[in-house]
Amino acid sequence: MATVKEAFTAKHQGSKNAAVEEVSFPPGEEVQVLKEWKNDACLIKSRDGKVFNVPKKYLNLG
């Protein structure tokens, strides 16, 4: 598990035809890291099961 270091808002689209939804992540929220990419991003899963690509700078990965 990782925690959110700095508050941020990410966009989620459940399917091609679904509306884009903005999801806010407050500091301290736990997220699951699914994949650390070679660049400066991670694939994470929120508590409600939504998946996002976010910059590593927003997360405490330790």
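Gly49 sits in the hairpin of β5 and β6, where it takes a positive phi near 90°. That hairpin leaves five residues between the two strands. Keep in mind that this is a predicted model, so treat the angle as a property of the prediction.

From that turn, step back to the strands on either side. β5 and strand β6 (residues 51-55) run antiparallel to one another and pair over five bridges. If you want one rung of that ladder to look at, take Lys45, whose bridge partner in β6 is Val51.

β5 also has a partner in strand β4 (residues 30-36), again in the antiparallel sense, this time over four bridges. Here the rung to pick out is Val33 with Ile44 of β5. A hairpin of four residues carries the chain from β4 to β5. With β4 and β6 both paired to it, how enclosed is β5 itself? Four of the five residues of this strand (residues 41-45) are buried, so β5 is largely enclosed by the rest of the structure.

Now for the inside. The largest nonpolar core has 13 residues, and the ones that touch the most other members are Phe8, Phe25, Val31, Ile44, Phe52, Val54 and Leu59. Ile44 is a name you have already met, as the bridge partner of Val33. Several strands feed this core: β1 (2-4), β2 (8-12), β3 (21-25), β5 and β6 supply at least two residues each. Val54 is a good place to stand and look around. Leaving aside residues up to four places away in sequence, it touches Phe8, Ala10, Asp40, Ala41, Cys42, Ile44 and Leu59.

Pro27 gives a view from the outside. You'll find it in the loop between β3 and β4, and it counts as exposed because its relative accessibility is 56%, with the cut-off at over 50%. Pro27 still has company, since it touches Val4, Lys5 and Ala7, not counting residues up to four places away in sequence. Its C-alpha is also 8.9 Å from that of Tyr58, although the two are 31 residues apart in sequence.

That leaves the charged side chains. How many salt bridges does a search of the whole structure find? There are four. One of them joins Glu22 and Lys11, at 3.9 Å from N to O. The pair links distant parts of the chain, with Glu22 in strand β3 and Lys11 in strand β2, 11 residues apart. Both ends lie out in the open: Glu22 is exposed at 55% relative accessible area, and Lys11 is exposed at 60%.

Another salt bridge brings together Lys56 and Glu36, at 3.7 Å from N to O. This pair also links distant parts of the chain, 20 residues apart, with Lys56 in the loop between β6 and β7 (59-60) and Glu36 in strand β4. Here both residues are partly exposed, Lys56 at 22% and Glu36 at 45%.

The last stop takes us back to the neighbourhood of the opening turn. Asp48 and Lys50 meet in a salt bridge of 3.7 Å, N to O. Is each partner buried or exposed? Asp48 is exposed, with a relative accessible area of 54%, whereas Lys50 is buried at 18%. Salt bridges with shared partners tie Asp48 and Lys50 together with Glu21 in one network.

Note on methods:
Residues numbered from 1 in each chain as written. Predicted model: local features only at pLDDT ≥ 70, side-chain atom pairs only at ≥ 80, totals over all residues. Heavy atoms only, no water. Buried < 20%, exposed > 50% of the residue type's maximum accessible area, 1.4 Å probe, protein only. Pairing = 2+ DSSP bridges. Core = buried A, V, L, I, M, F, W, Y, C linked by side-chain atoms within 4.5 Å. Contact = heavy atoms within 4.5 Å.
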